[in-house]
Amino acid sequence: MKQLTHGGDWAGYRAEFGRDPLDFSANVSPLGLPEGVAKAITAVLATADRYPDPLCRALREKLAVAEGVPAEWLLCGNGAADLIFRLALAAKPRTALVTAPTFAEYATALETEGCTVERHFLREENDFAVTKDLLNAVHPGTNMVFLCQPNNPTGQLAEPALVEALLRRCEAVGAVLAVDECFLDFLPEGEGLSAKHLLKNSKKLIILKAFTKLYGMAGVRLGYCLCSDTELLARMRAAGQPWAVSSLAQAAGIAALDETEYVAKVRALIEAQRPVLADGLRALGLRVIEGRANYLLFRAPEALGEALRRKGAVLRSCGNYPGLDASWYRTAVRTENENRQLLALLAETLPEVAQ
């Protein structure tokens, strides 16, 4: 069976074992789909015989208020991954820079367009932190740079001043800076850490966001980007099929923006459980990177993943991330009960796979 790039392959697990796993491989909200979103999807089913609005007008108008930007600066897509591919198709960069390790779809989308991908390897001795060394990796031949905030899978967050310096460096060489903030909204202080305030004075910045993670809407497929270069957004819109966002997804997004209480609960849960899970992993003798997202990167014996899988729990093996090997794993931060179950299984399994 083909090894999939990403986590969250519950269907593959079910086909192999006949049951669903305790899934820590997908880093989405542990609280499930918000009730208001489920009701909105159900309510719009009666109009599913009509084509969806290809411009996502109502959703963009509400997003504009929520994000504090003009609606013209917004483009919606079939998840952030769709927009990453559209960006590569529309901008057609010849050479692009990504960090390593980071989210695989940046390089995949770029290489689909024949782009040469250069990697700036983050150092393990620095806990894979993004430092000012990244600025020196941007050269006059660089056309595009991707930065994940917080980075997937490390959870590390570049300081806002560094992000601004990176944008200035990109402007100096004529490169577009794509900042992926899909996980930033999990942080209570995320709004203040966003690069949004830089959009007004720079057409070289594009910010990627999604409903997938924070609202537990991975199966709905809804993402969006923010950019003051409306010509680039127009080219991105033309770089794919016109009905990328279903009417059900648009209704879900509109309803999700009202789920402020749900968001507060998710943020509080992650803030409380992340240090508990990190401490539990360290107590088992594992090296854990002190990330700030709703997931943690840690090192363990390579055989751990398969042994856990057979016992009913799934982690994200990071062996296919450039810059990491099969001894690195990413685990989602989930509910207190689920996290306890994982730690108990790890305590049982680690002695069995100790090298």
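## Exercises on helix and sheet packing

Helix α3 lies across β2, β7 (205–210) and β8 (223–226), and its direction makes about 120 degrees with that of β2. Helix α9 (residues 230–238) also packs on the sheet, touching β2, β7 and β8, but runs at about 20 degrees to β2. Keep in mind that this is a predicted model. Let's work through it together.

### Exercise 1: The sheet of seven strands

Work out the strand order of the open sheet of seven strands, and find its edge strands.

*Solution.*

- Step 1. Follow the strands across the sheet: the order is β2-β8-β7-β6-β5-β3-β4, and the pairing is mixed.
- Step 2. Look for strands that pair on one side only: these are the edge strands, β2 (74–77) and β4 (116–121).
- Step 3. Now add the twist, which averages 20 degrees from one strand to the next.
- Step 4. Zoom in on the β4 end. Strand β3 (residues 95–100) pairs with β4 in the parallel sense, over six bridges. One pair to find on screen is A96 with its bridge partner V117 in β4.

### Exercise 2: Helix α3 against helix α10

Decide how α3 and α10 are oriented to each other, and find the residues that meet.

*Solution.*

- Step 1. Take the geometry of helix α3 (residues 57–67) and helix α10 (residues 247–256): their axes are 9 Å apart and the packing angle is about 20 degrees.
- Step 2. Angles under 35 degrees count as roughly parallel, so α3 and α10 are roughly parallel to each other.
- Step 3. Check the handedness: α3 passes α10 in a left-handed crossing.
- Step 4. Pick out the side that each helix offers: A58, L59 and K62 from α3 meet Q250, G253 and I254 from α10. By class, the residues of this contact of α3 with α10 are three nonpolar, two polar and one charged.

### Exercise 3: Helix α4 and its two partners

Describe how α4 packs with α5, then how α4 packs with α9.

*Solution.*

- Step 1. Begin with α5. The axes of helix α4 (residues 80–91) and helix α5 (residues 104–112) come within 9 Å and cross at roughly 35 degrees. This crossing of α4 and α5 is right-handed.
- Step 2. List the contact: α4 brings I84, F85 and A88, while α5 brings E105, Y106, T108, A109, L110 and T112. Six residues in the contact of α4 with α5 are nonpolar, two are polar and one is charged.
- Step 3. Turn to α9. The axes of α4 and α9 are 8 Å apart, at an angle of about 110 degrees. Angles of 65 to 115 degrees count as roughly perpendicular, so that is how α4 and α9 stand to each other.
- Step 4. List this contact too: L83, R86, L87, A90 and A91 in α4 meet L232, R235, M236 and R237 in α9. The contact of α4 with α9 has six nonpolar, no polar and three charged residues.

### Exercise 4: The sheet of four strands

Explain why β9 and β12 each have one side without a neighbour in the sheet.

*Solution.*

- Step 1. Read the order of this open sheet, β9-β10-β13-β12, with antiparallel pairing.
- Step 2. β9 (287–288) and β12 (316–317) stand at the edges with a single partner strand each, so one side of each has no neighbour in the sheet.
- Step 3. Inspect one edge: β12 and strand β13 (residues 328–332) pair in the antiparallel sense over two bridges. R316 has R330 in β13 as its bridge partner.
- Step 4. Finish with the covering helix: helix α11 (residues 260–283) lies across β9, β10 (295–299) and β13, at about 10 degrees to β10.

Notes. Residues are numbered from 1 along each chain as its sequence is written. This is a predicted model: local features need pLDDT of at least 70, side-chain atom pairs count only at pLDDT 80 or more; totals for chains, interfaces and linings use all residues. Side-chain values use heavy atoms; hydrogens and water are left out. Axes are lines fitted to C-alpha atoms, for helices over the stretch in contact, and angles run from 0 to 180 degrees between N-to-C directions. Angles under 35 degrees count as roughly parallel, over 145 as roughly antiparallel, 65 to 115 as roughly perpendicular and the rest as oblique. A crossing is left-handed if the near helix is turned anticlockwise from the far one by less than a right angle, and right-handed if clockwise. Contact means heavy atoms within 4.5 Å. Ala, Val, Leu, Ile, Met, Phe, Trp, Tyr, Cys and Pro count as nonpolar, Asp, Glu, Lys and Arg as charged, and the others, Gly among them, as polar. Two strands pair if DSSP finds at least two bridges between them.
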